[in-house]
Amino acid sequence: MQNPFTTTYSKSPELTYISTDKTDEILDNLSYEHPSESVYKITGVRGSGKTVILAKIEENLRSTENQEKGWLVFDLNPSRNMLEQMAAMLNKEGFGTEATIGRSFNVSANVFGTGGGIGFSSEKEHSFFDIGVEIESMLQDAQKKGKKVFIGIDEVSKTPEMIQFTAEFGKWLRAKAPVYMVCTGLYENILEVSNVKNLTFFRRASTIKTEPLNAVRMAEMYRKHLHIGTAEARKMAKITKGYAYAFQIFGVLYFKKQESDDADTLIPELKTELFAYSYEKIWEELSENDRFLVKLMTGKPEYKRSELLELMRDKAGSFSMYRDRLLKRGIIESRQSYVAFSLPFFADYIIDYCMD
């Protein structure tokens, strides 16, 4: 029997997918004839399910029902020139002028920001044009034919390609083109793009933060696919703390376990996988000040604000800033006046590998 769980990043689990309110929120908005939101930014810690949300939205919009409603879904690679990709995809769908349909695009951006030279070529002729204007014309053509274009971008960061594309996207919105975008990224990467001058619309766009998976739904997935009792399934769900990557890893390990193993005996293997393939990278991306605060939080499961202020001593005045940044990154969670790690065994990782 095939293992229904998966540890592959950026892969949407088929049998063990757990729906979230965030996915439903975006799809509900896009279901209207004139959606109120055109851009969504999905942020969250590594392994929290950002890519899965995007994949499920794209899957839904690619359904026969939504294709009949005019939806076109373009999945753009942020490491390559996205304007070129956009033009090529629209061109493939048959939009554009007679001079451009079926021809090849050659994009050369030479300015960090909105500018850039764009070439267009065919075997018979060469002409120069602005790619943003050309795409806008294609989008107008698509609109006349009742089409709406959804653009998905996974793991964005502040690159020349992303800045250039986002600036052009803002122009298309002002022209009332039928374009909608959902992008995913770490909090700090989304923030960097949002703070670029002249990208006000992107900064004001709806930001959705991933949340822990529902404990009941996790337990039911474990019970159903691993054929175990409710008590064992609930224990496993509680151990993962709703962290999507931990949920999948634990499922993989339990599926492959020896007959004498149970959830408790698999915890060392679960920790090893989390430490090596998630927490090491998360730690590398933390600033020295963030590391200072999380090191202070390793002594017990949760801390009162007053306790951490006392431990921080002369840095106590910066507590709110450090805490808010870690909250937005999805590394800690806050409950009334208490804070705690949102990731399972993250304190153990810090104690074992980061205290030197």
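"Is N198 buried or exposed? I'll start there, since it's a small thing that you can check on your own screen. At 64% relative accessibility, N198 counts as exposed. What caught my eye is its backbone: N198 has a positive phi of about 75°, and it isn't a glycine. For background, most residues other than glycine have a negative phi. As for where N198 sits, look in the loop between helix 7 and helix 8, the latter being residues 200-204.

There's another residue of that kind. R313, again not a glycine, has a positive phi near 55°. You'll find R313 in the loop that links helix 14, residues 305-312, to helix 15. R313 counts as exposed because its relative accessible area is 68%, and the cut-off for exposed is over 50%.

Okay, stepping back. This is a predicted model, so let me say how confident the predictor was. The mean pLDDT of the chain is 91, and 90% of the residues reach 70 or more. The part to watch is residues 107-126, where pLDDT is below 50; in the model that stretch still has 49 contacts beyond near neighbours in sequence. Where pLDDT is low, the predicted coordinates shouldn't be read in detail. Please keep that in mind before anyone sets up a calculation there.

Now the overall picture. The chain has 356 residues, and 50% of them count as buried. It contains 16 helices and eleven strands. The C-alpha trace spans about 70 × 55 × 35 Å along its principal axes. If you take the contacts with a separation of 6 or more, 70% of them are between residues 24 or more positions apart.

Two residues show what sequence separation can look like in space. M221 is in helix 9, residues 215-226. The C-alpha atoms of M221 and I18 are 8.4 Å apart, although 203 residues separate them along the chain. M221 is buried, at 15% relative accessibility. Not counting residues up to four places away in sequence, M221 touches F5, L15, T16, Y17, I18, L226 and F247. Then take S63, in the loop between helix 2 and helix 3, which is residues 64-68. Its C-alpha is 52 Å from that of L309, with the two positions 246 residues apart along the chain. S63 is partly exposed, with a relative accessible area of 26%.

On to the cores. In soluble globular proteins, nonpolar side chains tend to be buried together. Here the largest nonpolar core has 53 residues, and those with the most contacts inside it are Y222, Y243, L274, Y279, I331, F341 and F346. Helix 11, residues 244-255, gives the most to this core, with nine residues. If you want one residue to click on, try Y279: leaving aside neighbours within four places in sequence, Y279 is in contact with Y243, L274, L343, P344, F345, F346 and Y349. Apart from that core lies another, of 35 residues, including M86, M138, V179 and M181.

Next, the empty space, which I suspect is what some of you were waiting for. How much space lies in the largest pocket? About 630 Å³. It's lined by 34 residues, and the closest to its centre are S48, G49, K50, V52 and A244. Helix 1 (21-30), helix 2 (50-61) and helix 11 each supply at least two residues of that lining. By class, you get twelve nonpolar, 14 polar and eight charged residues.

The second largest pocket has a volume of about 290 Å³. It has 14 lining residues, and E33, H34, Q143, P178 and Y180 are the closest to its centre. Six of the lining residues are nonpolar, four polar and four charged.

Last one: closed space. The structure holds one cavity of 30 Å³ or more, and about 90 Å³ of space lies in the largest cavity. Its lining is G44, V45, R46, L186, Y187, E188, I282, E285, L286, K328, R329 and I331. Helix 7 (187-194) and helix 15 (319-329) are the elements that give two or more residues to that lining. By class it comes to six nonpolar, one polar and five charged. You may recognise I331: it's also on the list of residues with the most contacts inside the largest core.

That's my tour. Questions?"

Definitions and conventions:
Residues numbered from 1 in each chain as written. Predicted model: local features only at pLDDT ≥ 70, side-chain atom pairs only at ≥ 80, totals over all residues. Heavy atoms only, no water. Core = buried A, V, L, I, M, F, W, Y, C linked by side-chain atoms within 4.5 Å. Buried < 20%, exposed > 50% of the residue type's maximum accessible area, 1.4 Å probe, protein only. Helix = DSSP H or I, 4+ residues; strand = E, 2+ residues; numbered from the N terminus. Contact = heavy atoms within 4.5 Å. 1 Å grid on protein atoms, 1.4 Å probe; cavity = no way out; pocket = protein on both sides within 12 Å on 5 of 7 lines; lining within 4 Å. Points joined across faces, edges and corners; volume = space filled by probe spheres on them. Nonpolar A, V, L, I, M, F, W, Y, C, P; charged D, E, K, R; others polar. pLDDT = per-residue confidence, 0-100.
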